[in-house]
Amino acid sequence: MLPRILAKAFLAGGMDADLAAGRGHDALGRKTRWMEGLARRFVSAFGAGTRPRLREAVAFLRADGALQEVLEKDLYEIARRLTEPAVMQPVEAARSWGLPAIVSAGALADWLCLGGPELEWLADLRGTARPGHYHYQTVAKQSGAVRLLEAPKVRLKAAQRRILREILDLVPGHGAAHGFRAGRSIQSFVAPHVGRPVVLRMDLRDFFPSIGRARVQAVFRTLGYPEIVADLLGGLCTNQAPLGGPLYRNAHLPQGAPSSPALANLCFYRADCRLAGLASAAGLRYTRYADDLAFSGVSISDALVPRVGAIAYEEGFAVQFHKTRLMRQGVRQHLAGLVVNAIRNVKRDEFDRLKATLFNCVQRGPDMENRDVLAGRVGFVESVNPERGRKLRTIFNRIEWK
């Protein structure tokens with residue numbers, strides 16, 4: 001019983017040895033000389049990673065030899081609180097983010113305006129009802145593989161949107177991440193690499209389905225949510241699909257859920273830190289847009305690609321090496337569909353195709369085209385290259401829409 005009580009006390013104290021020791025003293029109802037050493041061993045074992053689950057903390061304490069000696073001497077009587085009320089336990093940085101305090105399953109159900117049974121049904125931690133919560137669509141990739149799009153149904157989508165808006169959007173991402181972040185875009189992703197002598201583009205395989213439920217739940221625990229709340233939040237934001245291969249049948253981030261992009265960025269945070277550090281040590285710039293990695297500099301060593309691949313592998317991801325491109329200024333350097341050789345620009349062939357489509361609409365009518373889609377494509381070119389965009393806008397304005 002003592003290891004479980006101390007585990008709860010230490011976790012409540014966070015990964016600070018003095019705080020953990022203080023909570024341990026409180027749990028016993030008296031100050032003990034051996035508590036400081038035990039708290040420091042606990043923090044040393046778990047302080048470098050994500051705050052552990054309760055069962056992991058209990059297992060560590062049960063295996064601690066010095067604690068077992070205390071138990072064998074039977075010198076201490078537990079004075080109070082066999083269980084402590086759950087509290088938010090964020091990492092130090094998260095304390096200023098203004099995250100909503102949700103400390104129990106009931107509080108989470110109330111926050112999402114759900115009944116308790118409905119919350120359990122939507123989170124589906126046992127994997128029994130999940131296929132009924134999503135619509136599925138398969139999309140063929142150019143490589144011949146298939147991507148599975150998983151669109152949540154109304155009730156689950158509403159819960160995911162609130163989690164995104166009121167929790168995930170409050171968490172700052174890594175500076176190198178440009179995908180799915182307010183104020184950032186493909187253009188900000190490529191901007192650091194414009195006009196650089198050498199540009200390296202790499203691509204991650206199966207980015208979203210590679211992120212499992214346990215990793216998502218660890219993110220919510222790091223934000224401070226008690227284990228049961230973190231587990232339910234992770235269940236709401238992940239899916240076990242009935243098709244699509246092993247990656248999709250295991251609980252994973254579904255591509256199509258509103259909460260998935262932000263969670264993917266957070267789950268890749270440590271990898272971003274390591275890749276940014278690698279780039280800085282080599283005198284390079286690094287940015288990422290979802291599963292696209294970009295590096296640029298005066299020169300790039302042949303050793304960089306395998307090192308990036310090793311970091312990705314160690315963090316639970318895989319690089320598609322056949323898509324890796326090392327581009328010097330003598331060839332067209334392009335990232336995420338944009339040319340970055342001298343100025344940021346759209347590809348010439350894509351510009352020419354759009355221009356031809358607009359001319360065809362002027363001459364023959366736009367019966368087969370969608371006005372909003374064409375306007376969006378013209379607007380994108382305007383944002384990338386205003387001069388070229390003005391030419392297209394002039395043609396677009398000549399189209400007679402019915």
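Salt bridges, then: a search of the whole structure, which is a predicted model, finds 12 of them. I will go through three pairs and one network, then turn to the packing.

The pair of arginine 53 and aspartate 231 has its closest N and O atoms 2.9 Å apart. Where do arginine 53 and aspartate 231 lie? Arginine 53 is in the loop between helix 3 (35–46) and helix 4 (54–62), and aspartate 231 is in helix 11, so the salt bridge ties together parts that are 178 residues apart in sequence. As for accessibility, arginine 53 and aspartate 231 are both buried.

The next two pairs are local. Both sit in helix 16, residues 348–364. Arginine 348 bridges to aspartate 352, with 3.1 Å between the closest N and O atoms. These two residues are four apart, about one turn of the helix. Aspartate 349 and arginine 353 form a salt bridge too, at 4.0 Å from N to O, and again the spacing is four residues, about one turn. The general point is that an α-helix has 3.6 residues a turn, so residues three or four places apart point the same way.

Are these helix 16 residues buried or exposed? For three of them the answer is in between. Aspartate 352 has 35% relative accessibility and therefore counts as partly exposed. Aspartate 349, with a relative accessible area of 36%, is partly exposed, and so is arginine 353, at 48%. Elsewhere, Arg270, Arg274, Glu314 and Glu315 are joined into one network by salt bridges that share partners.

Now the packing, starting with helix 13, residues 260–267. How many of the residues of helix 13 are buried? Eight of the eight, so helix 13 is largely enclosed by the rest of the structure. The buried residues run Ser260, Pro261, Ala262, Leu263, Ala264, Asn265, Leu266 and Cys267. What they pack against is helix 8 (154–166), helix 10, helix 11, helix 14 (269–281) and strand 4 (285–289).

Of those neighbours, take helix 10, residues 213–222. The axes of helix 10 and helix 13 come within 10 Å and cross at roughly 80°. The two helices are therefore roughly perpendicular to each other. On the helix 10 side, the contact is made by Arg215, Val216, Val219 and Phe220; on the helix 13 side, by Leu263, Leu266 and Cys267. By type, the residues of this contact are six nonpolar, no polar and one charged.

Phe220 comes up again in the largest nonpolar core, which has 59 residues. Which residues have the most contacts inside this core? They are Phe220, Tyr225 and Phe295. Helix 11 (residues 227–237) supplies the largest share of the core, six residues.

Phenylalanine 295 has a long list of partners. Setting aside neighbours within four places in sequence, its contacts include His193, Val198, Val199, Leu200 and Met202, and further along the chain Leu275, Ala279, Arg285, Tyr286, Ile300, Leu304 and Val308. There is also a second, separate core of 21 residues, with Ala294, Met327, Val340 and Leu392 among them.

One last item, glycine 127. It is found in the loop between helix 7 (116–123) and strand 1 (134–140), and it is partly exposed, with a relative accessible area of 32%. Its C-alpha lies 8.4 Å from that of asparagine 239, though glycine 127 and asparagine 239 are 112 residues apart in sequence.

Definitions and conventions
Residues numbered from 1 in each chain as written. Predicted model: local features only at pLDDT ≥ 70, side-chain atom pairs only at ≥ 80, totals over all residues. Heavy atoms only, no water. Axes fitted to C-alpha atoms, helices over the stretch in contact; angles between N-to-C directions. Parallel < 35°, antiparallel > 145°, perpendicular 65-115°, else oblique. Contact = heavy atoms within 4.5 Å. Nonpolar A, V, L, I, M, F, W, Y, C, P; charged D, E, K, R; others polar. Core = buried A, V, L, I, M, F, W, Y, C linked by side-chain atoms within 4.5 Å. Buried < 20%, exposed > 50% of the residue type's maximum accessible area, 1.4 Å probe, protein only. Salt bridge = Lys/Arg side-chain N within 4 Å of Asp/Glu carboxyl O.
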